[in-house]
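Colleague: I have the sequence and the coordinates open, and I'd like to go through them with you. Can we start with the charged pairs?

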Amino acid sequence: MKVKDKFLEMYRSDRVLLGEWILTIATALFVFVSIAFVDMRSLTVWSTNVWDVTFDSNIRHLYEYTAQNVQQLRHSQMGSELFSVLPWSVWNLPIWIIQRVTGKPIADSAIMLAYSKAFLVLLTVIMLRYTKKIAMIVTGGNKTKSAWAVLLSASSVFLILGVFYAGQNDIIMVVPSVIAVYYLLKGKQRWFIVWSIIAIAIKPFFVIAFLAVLLLYEKSFIKIILKTALSVVGVAAQKLLFFKAPMYEESIAKGPSKDMLEQMFSGDLSTAFGKASLFAVALVLICLYAYTRGFSKDDMRSCDSRLGKYIVYIVALTNLAYLMFSPFSFYRLVTLVPFLYLVLVQNEELYFYNGLCETAMSAALLLKLGLRTNTSLFRAKAVNGALIQRLWGYSVTPEFEEGPYTSLSTYLTEKESVLMFFQPMFSGVALICAILLMAYNHPDRKLKAPLYGDKNCRVLLWARIVMIVPFILVVIALFTKAPIKLY
């Protein structure tokens with residue numbers, strides 16, 4: 001009876017439990033060792049190509065050398081700017097030296113690829129540290145709420161997909177953006193701009209959130225324009241560095257940036273004026289809303305707590321609007337972390353419904369992104385190059401593109417699973433849950449909280465933490481059943 005009472009006491013507690021941290025770490029570690037996504041392999045090699053051209057010629061030959069595709073990567077050209085891999089290059093110097101001395105290609109070594117992905121894990125830890133700092137500010141120094149913000153961010157399926165599954169470099173951009181917001185909340189506007197410049201130079205996504213946040217406290221249009229122009233100076237510097245460099249323009253043109261811009265403002269809304277972009281509409285509304293709030297620089301200098309809540313909310317809202325109204329790659333969801341959870345933990349009377357909506361949104365997106373046609377998510381060949389692959393001693397040929405065991409999507413299509421017909425439903429669930437989260441967690445709480453919002457339901461949290469595990473197990477099962485195996 002004492003054991004049961006102690007368990008119930010812990011279950012009903014408002015604290016983060018040690019077991020929940022263990023479960024989170026175990027889930028992340030399982031995904032880390034099970035998957036070596038193709039993008040991470042390419043990004044790792046590109047980051048070490050920086051050292052090759054630095055020592056053998058000069059940095060302006062980076063795109064030309066990468067286009068030679070010496071290691072026969074899936075992506076033959078580097079379609080992103082230098083800063084998107086430069087921090088990674090510093091971390092990957094040891095494996096570049098190993099490759100240089102031994103001649104063993106990094107792309108063929110599970111251990112070296114795992115070392116490379118560990119850099120993203122380190123960045124995640126840094127991000128979580130600043131998440132706690134920001135949470136302490138917006139919650140008025142509440143340690144319990146701050147601990148929840150860190151756990152919810154660490155266990156988010158969006159973070160797991162972006163870092164531990166895909167090994168994508170979005171987290172390299174997220175970290176300086178989080179640091180930038182922290183300094184802004186501390187009233188240090190210059191450091192906010194400096195770290196924003198770094199984030200935007202790595203990947204330009206943050207420029208939209210930067211503008212929206214700027215509009216909250218800066219009311220001079222001239223200063224808004226100048227500061228926004230200043231925020232992209234890092235991007236301009238990279239363009240200048242590689243101006244007329246061999247294969248630079250060709251590589252950038254074939255990279256994802258151009259397609260992403262076209263899709264970001266795609267004409268998905270029919271009007272009398274012609275096709276219109278839903279995201280553009282949302283962006284104008286968000287910017288107008290931010291500008292018309294009654295804040296000023298004086299509020300920022302005095303570290304106004306209400307302004308701090310609005311800053312975190314606006315960043316979360318802007319990133320969520322992009323993901324709701326523009327096509328995106330699954331790993332881009334990491335941009336919601338940690339700002340979404342910093343918003344959610346502030347309202348204890350909504351913990352149950354926040355948890356319910358966030359879990360439903362995460363599950364719906366996981367299913368939708370994993371089931372759509374020609375998805376790159378949950379494919380059998382993602383096990384190639386992972387640490388766990390050593391257990392079987394073979395790999396699946398990358399050219400293996402047909403048949404039911406290619407991916408979760410092709411398997412369910414072959415089996416004529418009813419899940420494939422529910423994709424619009426999953427999208428709808430994710431959309432309405434996202435809207436509810438933003439509506440009910442407005443900084444001024446204009447909507448009345450629903451009943452029983454403070455209900456404790458830890459089982460929901462535990463299910464949320466391990467949500468991705470069954471999907472990874474399916475990927476491993478598909479890998480073992482693949483018809484073409486290379487020993």
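Colleague: Which residue forms a salt bridge with R306, and how far apart are the closest N and O atoms?

Modeller: In this predicted model, R306 forms a salt bridge with D444, and the closest N and O atoms are 3.0 Å apart. D444 lies in the loop between α23 and α24 (458-465) and R306 in helix α19, so the pair ties together parts of the chain that are 138 residues apart in sequence.

Colleague: And are those two buried or exposed?

Modeller: D444 is partly exposed, with a relative accessible area of 30%, and R306 is partly exposed as well, at 37%.

Colleague: How many salt bridges does a search of the whole structure find?

Modeller: The search finds 10 salt bridges, and among them is the one between the side chains of D52 and R100, at 2.8 Å from N to O. That pair links distant parts of the chain, since D52 is in helix α3 (residues 38-56) and R100 is in helix α6 (residues 93-102), 48 residues apart.

Colleague: Which residues are linked with R100 in a network?

Modeller: D52 and D56 are linked with R100 in a network of salt bridges, and the side chains of D56 and R100 meet at 2.6 Å, N to O. D56 lies in helix α3 and R100 in helix α6, so this pair ties together parts that are 44 residues apart in sequence.

Colleague: Which of the network residues is buried?

Modeller: D52 is buried, with a relative accessible area of 8%, whereas D56 counts as exposed at 52% and R100 counts as partly exposed at 40%.

Colleague: Switching to cysteines, how many disulfides are there?

Modeller: The count comes to zero disulfides. C357 is in no disulfide, and the nearest cysteine sulfur, that of C433, is 4.6 Å away. The cut-off for a disulfide is a pair of sulfur atoms within 2.5 Å. C357 counts as buried at 14% relative accessibility, and C287 is buried too, at 13%.

Colleague: What about the interior, which residues have the most contacts inside the largest nonpolar core?

Modeller: That core has 154 residues, and those with the most contacts inside it are F158, Y165 and I171. Helix α19 (residues 305-325) gives the most to this core, with 13 residues. Leaving out residues up to four places away in sequence, I171 touches L120, L123, T124, M127, L159 and V163.

Colleague: And what does V175 touch?

Modeller: V175, which is found in helix α10 (residues 170-185), is in contact with L123, I126 and M127, again leaving aside neighbours within four places in sequence. V175 counts as buried, at 7% relative accessibility.

Colleague: Which residues form a nonpolar patch on the surface?

Modeller: V418, L419, F421, F422 and M425 form that patch, with about 500 Å² of accessible area together. F422 sits in the loop between α22 (408-414) and α23 (423-440), and F422 is partly exposed, with a relative accessible area of 37%.

Colleague: Last one, on the backbone: where is there a cis peptide bond?

Modeller: A cis peptide bond joins V337 and P338, with omega about 0 degrees, and P338 is in the loop between α19 and α20 (339-344). You may also want to look at N374, which is not a glycine and yet has a positive phi of about 60 degrees. N374 lies in the loop between α21 (351-371) and β3 (395-396), and N374 counts as exposed at 74% relative accessibility.

Technical notes. Residues are numbered from 1 along each chain as its sequence is written. This is a predicted model: local features need pLDDT of at least 70, side-chain atom pairs count only at pLDDT 80 or more; totals for chains, interfaces and linings use all residues. Side-chain values use heavy atoms; hydrogens and water are left out. Patches are made of residues with over 30% relative accessible area and no salt bridge: like charges are joined within 9 Å, nonpolar side chains (Val, Leu, Ile, Met, Phe, Trp, Tyr) within 5 Å. Accessible areas come from the Shrake-Rupley method with a 1.4 Å probe; for residues, only the protein chains shown count as cover. A salt bridge is a side-chain nitrogen of Lys or Arg within 4 Å of a carboxyl oxygen of Asp or Glu. Helices (H or I, at least four residues) and strands (E, at least two) are DSSP runs, numbered from the N terminus. Buried means under 20% relative accessible area, exposed over 50%, partly exposed in between (1.4 Å probe, protein chains only). A nonpolar core is a set of buried Ala, Val, Leu, Ile, Met, Phe, Trp, Tyr and Cys residues joined through side-chain atoms within 4.5 Å. Contact means heavy atoms within 4.5 Å.
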